[in-house]
Amino acid sequence: MGQKHSKVKGSRLPVIQSTDTHGPYLCGVCRGIAGWYKDDLISGHFACEIDRRVLQKVDHVPTRDQCSLCGLISRLLEGDDDHDTREPGKYVLVPRSEVQLEGEESGEYAIWAVNILGRDERAQARNYPESDYCMGLTIHKPWNSRELKEARNMNIANHRWKQGLVLLAHTDKTGSSNRRYSGILLDREKVDFTVVRRWIDECLQHHPRCAANTSTARPLRLIDCGANKIVSTPRHVKYLALSYVWGPPNKGRLATKFSLQVAPRVVKDAMSVVRSLGFRYLWVDRYCINQDDPIEKKQQIGIMDQIYEHAMVTIIDAAGTDDRLGLTGAGTHPINPRAVQPSARIGDDTFIYSMRDAPFAVRESKWATRGWTYQETLLSTRCLIFSKSQVFLVCKTTSQCETIPQVPRLAEYDPKYQVTVFNLFDRKMREDRFGYEFPSDGPVPDLLSRINTYQTRELTHDSDALNAFQAVLSRLELRSYWGIPFLTGRGCEISENTEDLETFGTDVTAAFVRGLAWRPVTHQSENTRRRSVMPAWSWVSVQGVLVDFPQDPGQRKEISDWVLRTWDPVTKLSVVDSYKSEDKVTAITSVTSFAQLWRGNNGQVITSSSSFLKLEAMIAGVTEFEVHFDEEDWRTKQKARGFRITVTGNEDKTRSAQRDFAVDCVPELFEFLRLEVATANQPLKFANPGWIVARLNHKAFTLGSLSPDMLDDSGEPVTTPPLWWATQFYLVLRPSTQGVWHRIGCILDKKLDNPEPELEDMRLQTLILG
């Protein structure tokens with residue numbers, strides 16, 4: 001539905017081409033109202049709509065003039081998710097009396113004066129009397145008849161994040177110099193490290209969640225920023241860490257084994273920051289881990305979570321695209337300046353834009369696209385983020401920004417109102433194993449949230465796909481092997497004391513089989529690709545695909561509502577330690593059971609040098625494969641509408657069944673089949689591709705008890721036959737080299753009132769999965 005615009009009567013209105021000017025020009029509408037805004041910001045206490053002006057979208061405006069105040073307030077549109085930021089300069093301030101609305105929708109935004117703390121935060125604030133209240137301007141779509149309700153909502157919310165605020169700057173001439181809390185106009189070339197150090201000290205003294213650090217492991221080496229050399233880690237030392245985007249290989253660096261004399265600028269700038277904050281030591285993975293020693297590298301990666309958690313601060317370069325640009329507003333000369341902060345100078349007063357929050361600054365960075373940086377942030381206690389616009393300190397409790405350098409301290413911090421290291425990339429995640437309890441649907445959704453945030457990221461080396469996520473897995477509730485979780489029938493953690501093991505008739509192997517039943521759930525693009533060095537049976541082998549684990553119908557219900565009638569793993573599974581292949585015959589020479597692996601590993605991440613599995617399962621052959629396409633060109637967008645295979649169980653191929661199946665990596669499949677021509681509504685068909693399907697498990701449920709609200713029209717309980725729900729999961733496999741089979745997709749059958757499998761005459765076979 002297109003957006004309808006309001007009409008503005010007659011007056012000449014200016015277009016805003018740039019809001020980075022400090023020029024004093026005001027349009028006729030804004031001239032004289034700056035003092036009113038100043039009064040609203042100084043004397044206001046709670047959220048209130050400023051009804052004198054609205055920010056209005058206009059279709060035709062002159063292009064020669066620029067109004068400082070219109071332009072500054074228009075920058076608040078950057079934080080509105082419904083606003084098209086590709087249309088700059090079409091919003092101006094107009095008197096509300098001159099607005100005529102067409103229809104129910106308009107391009108009008110009401111201007112509000114709001115407190116920098118939401119209602120609940122103000123209740124927890126210490127030393128924040130009304131005389132010290134700091135107010136800012138924000139914008140919001142007007143709700144007409146629901147204005148009173150909107151006023152309450154605007155009063156509750158925390159507006160200093162997301163959209164940012166327009167604030168009266170703290171200067172000697174504004175009349176607000178005695179106010180404790182206000183915005184500031186930043187120095188583009190100089191971060192005020194006295195403010196940053198104050199943030200760190202406040203966190204150390206007043207944030208119990210951040211102080212609860214139980215890490216005991218330490219890095220082997222650190223950079224001594226005073227002596228400018230790499231040293232063995234002293235005992236009981238405080239250090240900072242660095243998270244950045246590695247640059248391209250450099251022959252000079254390799255020849256000197258990454259000597260500090262040829263260190264990239266970002267490392268030298270970080271060393272300068274360490275000294276400016278009053279510390280001495282810095283940990284940088286590239287310099288403090290011997291990259292040529294696989295044993296040391298594996299050991300240090302195994303404690304990566306503790307290295308970052310124990311660091312006083314993790315310095316993050318969120319402005320550069322590699323290690324050559326350096327940190328903005330800090331470090332060695334010449335200083336890399338920050339982006340111009342939008343502001344408007346009106347008489348003796350300066351209005352500034354606080355700019356958008358840390359998640360937005362991070363989201364638009366190259367750094368946030370890299371695989372390693374996800375766990376580096378999530379596992380840190382405090383992150384000092386150098387963005388293109390300003391510096392943020394984000395900890396396990398709350399966050400701070402340069403443009404509002406001092407925010408009232410709270411007695412309790414409610415995570416749903418705070419930006420923290422846990423939700424910097426996803427505000428919906430829970431935080432129990434990483435710091436404190438936050439609502440979640442359970443361990444499986446929690447794991448999926450972490451996996452799917454990580455899956456969109458890129459790695460220079462495919463072999464790092466598991467290592468770059470291992471520290472996160474080590475803190476999750478579910479134990480895992482090659483990223484695959486051990487799941488019981490209810491998606492709960494499996495352990496020696498888990499009563500569900502007996503209730504559901506499962507064991508460690510069956511729990512891993514259930515974890516193998518992951519499936520891709522999103523549309524794929526050309527950026528999706530297979531990591532060939534990773535085992536194809538694990539989700540870590542596919543970049544750019546979001547995944548899901550099948551959940552029982554009763555997982556989100558009371559267990560008494562659903563009775564598991566059968567739990568039939570059907571498969572036997574173990575880890576292949578070694579095998580040999582001669583004359584097209586593959587023989588497995590040594591295996592390890594999952595029970596042995598479980599008992600032999602103490603941590604959450606179960607490790608093994610082998611990536612091969614021995615699978616004994618019922619299989620059937622694939623006699624045909626079909627690809628259905630949308631109207632759009634598949635060669636550029638890979639938008640296949642669906643994939644179907646024909647499965648034949650018996651050898652004479654007299655009985656067969658068709659199934660839709662989810663493909664793990666569409667580009668890989670297209671390349672493998674060498675697809676060249678496709679026509680919409682005319683599927684491509686391939687006979688006898690050489691694939692098989694292997695059934696992992698078969699489960700059947702029945703509704704065991706009736707809910708009290710299941711009554712007929714007369715109020716009597718409804719009596720119905722038991723409702724069956726059958727689930728079967730199949731792997732779709734293709735042959736590889738030396739008798740090894742690779743997963744290419746899966747089939748998830750869900751049938752109501754039919755607990756029996758439809759694929760008949762399947763045969764038992766032993767396979768090696770790689």
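**Exercise 1.** Which helix or strand gives the most to the lining of the largest cavity?

*Solution.* A quick note before we start: this is a predicted model, where local features need pLDDT of at least 70, side-chain atom pairs count only at pLDDT 80 or more, and totals for chains, interfaces and linings use all residues. Residues are numbered from 1 along each chain as its sequence is written, and side-chain values use heavy atoms, leaving out hydrogens and water.

Step 1: α5 (193-206), β16 (391-395) and β17 (399-401) each put at least two residues into the lining. Helices here are DSSP runs of H or I with at least four residues, strands runs of E with at least two, numbered from the N terminus.

Step 2: α5 comes out on top, with 3 residues.

Step 3: by type, the lining splits into 8 nonpolar, 5 polar and 3 charged residues.

**Exercise 2.** Work out whether helix α17 is enclosed or not.

*Solution.* Step 1: take buried as under 20% relative accessible area, exposed as over 50%, and partly exposed as in between (1.4 Å probe, protein chains only).

Step 2: 9 of the 9 residues of α17 (residues 508-516) are buried, so the helix is largely enclosed by the rest of the structure. Among them are Val508, Phe512 and Arg514.

**Exercise 3.** Place Lys572 relative to Thr509.

*Solution.* Step 1: Lys572 sits in strand β25 (residues 572-582).

Step 2: its relative accessibility is 56%, so Lys572 counts as exposed.

Step 3: Lys572 and Thr509 are 63 residues apart in sequence, yet 7.7 Å apart in space, C-alpha to C-alpha.

Note on methods: Ala, Val, Leu, Ile, Met, Phe, Trp, Tyr, Cys and Pro count as nonpolar, Asp, Glu, Lys and Arg as charged, and the others, Gly among them, as polar.
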